[in-house]
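Trainee: I want to test the labels on this model. Can you take me through the reasoning behind each?

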Amino acid sequence: MNAEKVAAHIINWLKDYVDASGLKGFTIGVSGGIDSAVTSTLCARTGYPVIVLNMPIHQASDQLSRAGEHIAWLSKTYDNVTGHDVNLTPVFEQIKTTLPSAIQDGLTMANTRARLRMITLYAFASHHRMLVTGTGNKVEDFGVGFYTKYGDGGVDISPIGDLMKTEVYALGRYLGVSRDILSARPTDGLWEDNRTDESQIGASYDELEWAMTYDAGDKSRDITDHQKNVLEVYRKFNRANRHKMEPIPVCSIPGELKL
């Protein structure tokens, strides 16, 4: 991949989109991970106003420090970037006192965290007349559906949605993203035990990219037992999360029933 040309293409796409929208710029949540670091840097390079939000909810200290350092670097490097820290832990704790305890299982509350962040992003974006900018990559958004519906999946635009995770890393190196972020193990930051993406999915992003490419291409070639296991993991998530990747089903009413 030619990282310089890909970066320029995305930056021009962002400029064209915000121009056509009539809005002023971009609002992005920064987590301390590679996807949000790359996306926020690309938006910063457009020259349009960019708001980056660090929205901790019982966040691990290393995630907090990486996000804070990235926001500080962006703000110093690009004068169109404004950073904010919005501590959502008290709000999340209040939600926990309101919801019935019987429904507060781990996954439900992890998704609630993501949706609380989405509400916050849209509050800033609405007030400043900006676009909420997604940070999902291709294998997450269109392969395994590893995101929260109406959480981190609730966005206006998706600049890196056509890039595999390895390609996002390549862009990150080109854009000057910090080594700490480049070397950090990917995590969604939604669990208090700081579990990684790989531990939740059961396969690495390199393996998932291979599976996604395999399913889209020639499936007649021989593969190893380990690759078969990776394919099963990929296909299981793809099937289960298909509802996130397709339009909301609409019940079509026959015309004669409306007469």
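Mentor: Start with β1 in this predicted model. Of its 5 residues, 5 are buried, so β1 is largely enclosed by the rest of the structure.

Trainee: What makes β1 and β2 a pair?

Mentor: Bridges. Two strands pair if there are at least two bridges between them. Strand β1 (residues 25–29) and β2 are joined by 4 bridges, so they pair. They run parallel. One residue match to look at is F26, whose bridge partner in β2 is V50.

Trainee: What makes β1 and β4 a pair?

Mentor: Use the cut-off of at least two bridges again. Strand β4 (residues 130–132) shares 3 bridges with β1, so the two pair. These strands also run parallel. G25 stands opposite M130 in β4.

Trainee: Why is β2 called mostly covered?

Mentor: Count its residues. Strand β2 spans residues 50–54, and 5 of its 5 residues are buried.

Trainee: Which residues of β2 point which way?

Mentor: V50, V52 and N54 point one way, while I51 and L53 point the other way. All of them are buried.

Trainee: How do you know that α2 is largely enclosed?

Mentor: By the same kind of count. Helix α2 (residues 34–44) has 11 of 11 residues buried, so the rest of the structure largely encloses it. The buried residues include D35, S36 and T39, along with I34, V38 and L42.

Trainee: Why is T196 called buried?

Mentor: Buried means under 20% relative accessible area. T196 has 13%, so it is buried. The residue lies in the loop between α8 (179–183) and α9 (197–201).

Trainee: What does T196 touch, not counting residues up to four places away in sequence?

Mentor: T196 touches R185, P186 and T187.

Trainee: What makes L208 buried?

Mentor: Its relative accessible area is 0%. The cut-off is under 20%, so L208 is buried. L208 is found in helix α10 (residues 205–216).

Trainee: Which residues are in contact with L208, leaving aside its neighbours within four places in sequence?

Mentor: V139, V144, I201, A203 and Y234. There is also a backbone distance to note: the C-alpha atoms of L208 and V230 are separated by 7.1 Å. Those two residues are 22 residues apart along the chain.

Trainee: Why is S61 called exposed?

Mentor: Exposed means over 50% relative accessible area. S61 has 60%, so it is exposed. It lies in helix α3 (residues 61–77). Its C-alpha atom and that of L121 are separated by 22 Å, with the residues 60 apart along the chain.

Trainee: Why is R129 called partly exposed?

Mentor: Partly exposed sits between the two cut-offs, under 20% and over 50%. R129 has a relative accessible area of 40%, so it is partly exposed. Its place is in the loop between α5 (106–128) and β4.

Trainee: What is the phi of R129?

Mentor: Positive, at about 55 degrees, although R129 is not a glycine.

Trainee: Where is Y150, and why is it called partly exposed?

Mentor: Y150 is in the loop between α6 (138–144) and α7 (165–175). Its relative accessibility is 46%, so it counts as partly exposed. Phi of Y150 is near 60 degrees, a positive value in a residue other than glycine.

Trainee: Now the whole chain. How do you know that its radius of gyration agrees with a compact globule?

Mentor: Set the value against the rule. A compact globule of 259 residues would have a radius of gyration near 18 Å. The protein has 19 Å, which agrees. The C-alpha atoms fill a box of roughly 50 × 50 × 50 Å along the principal axes.

Trainee: How many helices and strands does the protein have?

Mentor: The protein has 12 helices and 4 strands. Buried residues make up 44% of the 259 residues.

Trainee: What share of contacts joins residues at least 24 apart?

Mentor: 74%, among contacts between residues at least 6 apart in sequence.

Trainee: What about surface and charge?

Mentor: The accessible surface comes to about 13,500 Å², and 54% of it belongs to carbon and sulfur atoms. There are 27 positive and 32 negative side chains. The centres of the two sets lie 2 Å apart.

Key. Residues are numbered from 1 along each chain as its sequence is written. This is a predicted model: local features need pLDDT of at least 70, side-chain atom pairs count only at pLDDT 80 or more; totals for chains, interfaces and linings use all residues. Side-chain values use heavy atoms; hydrogens and water are left out. The radius of gyration is taken over C-alpha atoms; the globule rule is 2.2 Å times the number of residues to the power 0.38. Buried means under 20% relative accessible area, exposed over 50%, partly exposed in between (1.4 Å probe, protein chains only). Contact means heavy atoms within 4.5 Å. Accessible areas come from the Shrake-Rupley method with a 1.4 Å probe; for residues, only the protein chains shown count as cover. Lys and Arg count as positive and Asp and Glu as negative; His and the chain ends are not counted. The place of a charge is taken as NZ of Lys, CZ of Arg, CG of Asp or CD of Glu.
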